[in-house]
Amino acid sequence: MSKKDLEITVGQIRKAIPQHLFQKNELRFLVSVGQAVSCTLLLTYLAYNYIPLTWLALPIWVAYAFLTGTVATGIWVLGHECGHFAFSDIKWLNDVLGFILHEILLVPYFSWQHSHALHHAKTNHLTEGETHNPVIIDSKMGKIYQKMKDILGVESFACVQIFNIAVLGWPLYLLLGVTGGSARGFTSHFIVPNKLFPPKMLVKVTASNIGLCLVIYGLYKWYQATSFAEVMALYIGPYLVVNMWLTIITFLQHTDADVPHYDETAWTWLKGALCTIDRNYPLWIDSLHFEIGTTHVVHHVFSELPHYNAREANVYVKQVIGDLYNQDAKKLWTSLYNSASLVGVEHKGNGVWKFAKA
């Protein structure tokens with residue numbers, strides 16, 4: 001970062017944004033919820049009534065899963081907003097709505113809310129960050145990744161990494177804390193206590209687990225009443241696509257060859273928050289995801305700002321932070337490939353760590 005990062009403050013950035021953009025409008029938020037939920041249900045209804053449940057129709061079911069999962073990711077985004085208390089000034093209303101929206105997607109709401117708050121509190125901290133923390137190139141794991149890249153080649157290595165992120169990333173993170181900060185090691189979103197969840201989180205983690213069990217039980221009863229094929233086609237397929245999007249979005253927001261991580265000697269909260277990257281999503285996907293991928297810099301600085309005001313607020317943020325704003329104009333899939341081909345970070349001096357060149 002330039003010298004400017006030592007001069008600008010959160011207060012100065014907030015002052016540049018019209019204060020009415022921080023005001024919450026519950027009805028406006030519920031319109032977004034209605035849009036995401038109704039579109040998801042409409043696609044499910046059409047698939048149930050018009051796509052035959054046969055192997056010959058498998059390509060159509062794959063297309064349905066991708067489209068419906070992409071739409072349903074909007075539900076996940078809105079649950080994420082509730083986790084930041086961006087729905088209402090009444091905190092319990094955020095938790096009620098967020099719990100419903102996330103648990104139906106098999107997200108342990110309160111557990112995730114806690115770990116995600118740590119992600120925001122320690123963004124791009126080399127060892128204490130949470131989710132998609134890079135390995136150090138000279139570490140044991142870094143050497144393993146580099147050896148794998150040397151053997152497979154850049155293209156195959158990037159493809160393996162994309163598969164790991166998009167398919168395995170979410171369940172491995174929830175179950176084992178994979179890609180979490182090295183300061184916490186392996187953790188679990190379902191067991192208390194551990195280095196991520198202190199004993200005081202027991203009630204909330206238990207509530208999240210109960211919510212998941214109820215949804216899983218509902219899926220089981222659905223399977224009993226119909227067939228596993230129907231549950232797989234209508235729910236599990238889109239569910240896997242939702243997981244794909246949420247891990248890709250998070251990975252791309254904080255992983256890039258030009259964006260640093262900081263160790264404890266150099267990290268500050270604002271430095272970390274401004275290491276977020278706004279990516280170039282296709283317009284239709286960005287709209288369905290309520291622009292989470294293109295307004296994420298402002299979200300990391302002011303996570304309580306509602307999504308329906310984020311685009312306008314982003315204009316003011318870009319003006320005040322200038323060259324500290326990170327935006328990638330490359331096509332999304334190019335950015336994903338480039339970031340997935342990275343191995344680990346190396347020390348560049350003064351507490352700054354960047355990805356080693358291939």
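**Exercise 1.** Work out which residue pairs with aspartate 328 in a salt bridge, and place both partners in the fold.

*Solution.* Start with the contact: aspartate 328 forms a salt bridge with arginine 279, and their closest N and O atoms are 2.7 Å apart. That fits the cut-off (a side-chain nitrogen of Lys or Arg within 4 Å of a carboxyl oxygen of Asp or Glu). Next, the location: aspartate 328 lies in strand β4 (residues 326–331) and arginine 279 in strand β3 (residues 277–280), so the pair ties together parts that are 49 residues apart in sequence. Strands here are DSSP E runs of at least two residues and helices are H or I runs of at least four, numbered from the N terminus. Now the accessibility: both aspartate 328 and arginine 279 are buried, where buried means under 20% relative accessible area, exposed over 50%, and partly exposed in between (1.4 Å probe, protein chains only).

A quick note on the model: it's predicted, so local features need pLDDT of at least 70 and side-chain atom pairs count only at pLDDT 80 or more, while totals for chains, interfaces and linings use all residues. Residues are numbered from 1 along each chain as its sequence is written, and side-chain values use heavy atoms, with hydrogens and water left out.

**Exercise 2.** Find the salt-bridge partner of glutamate 304 and say how exposed the two residues are.

*Solution.* The partner is arginine 14, with the closest N and O atoms 3.1 Å apart. Glutamate 304 sits in the loop between α12 (296–301) and α13 (310–321), arginine 14 in helix α1 (residues 10–16), and 290 residues separate them. Glutamate 304, at 25% relative accessibility, is partly exposed; so is arginine 14, at 30%.

**Exercise 3.** Describe how β6 is paired.

*Solution.* First take β2 (residues 261–262): two bridges join this strand to β6 (residues 352–355), antiparallel. DSSP must find at least two bridges for strands to pair. Tyrosine 262 stands opposite valine 352. Then take β5 (residues 344–349), joined antiparallel to β6 by four bridges; here valine 345 partners phenylalanine 355. β5 and β6 make a hairpin with two residues between them, and asparagine 350 in the turn has a positive phi of about 60 degrees.

**Exercise 4.** Determine how many of the residues of α5 are buried.

*Solution.* Check the geometry: α5 has 13 residues and reaches 18 Å from first C-alpha to last, close to the 18 Å expected at 1.5 Å a residue (1.5 Å times one less than the residue count). Then count: ten of the 13 are buried, including Trp112, His116 and His120.
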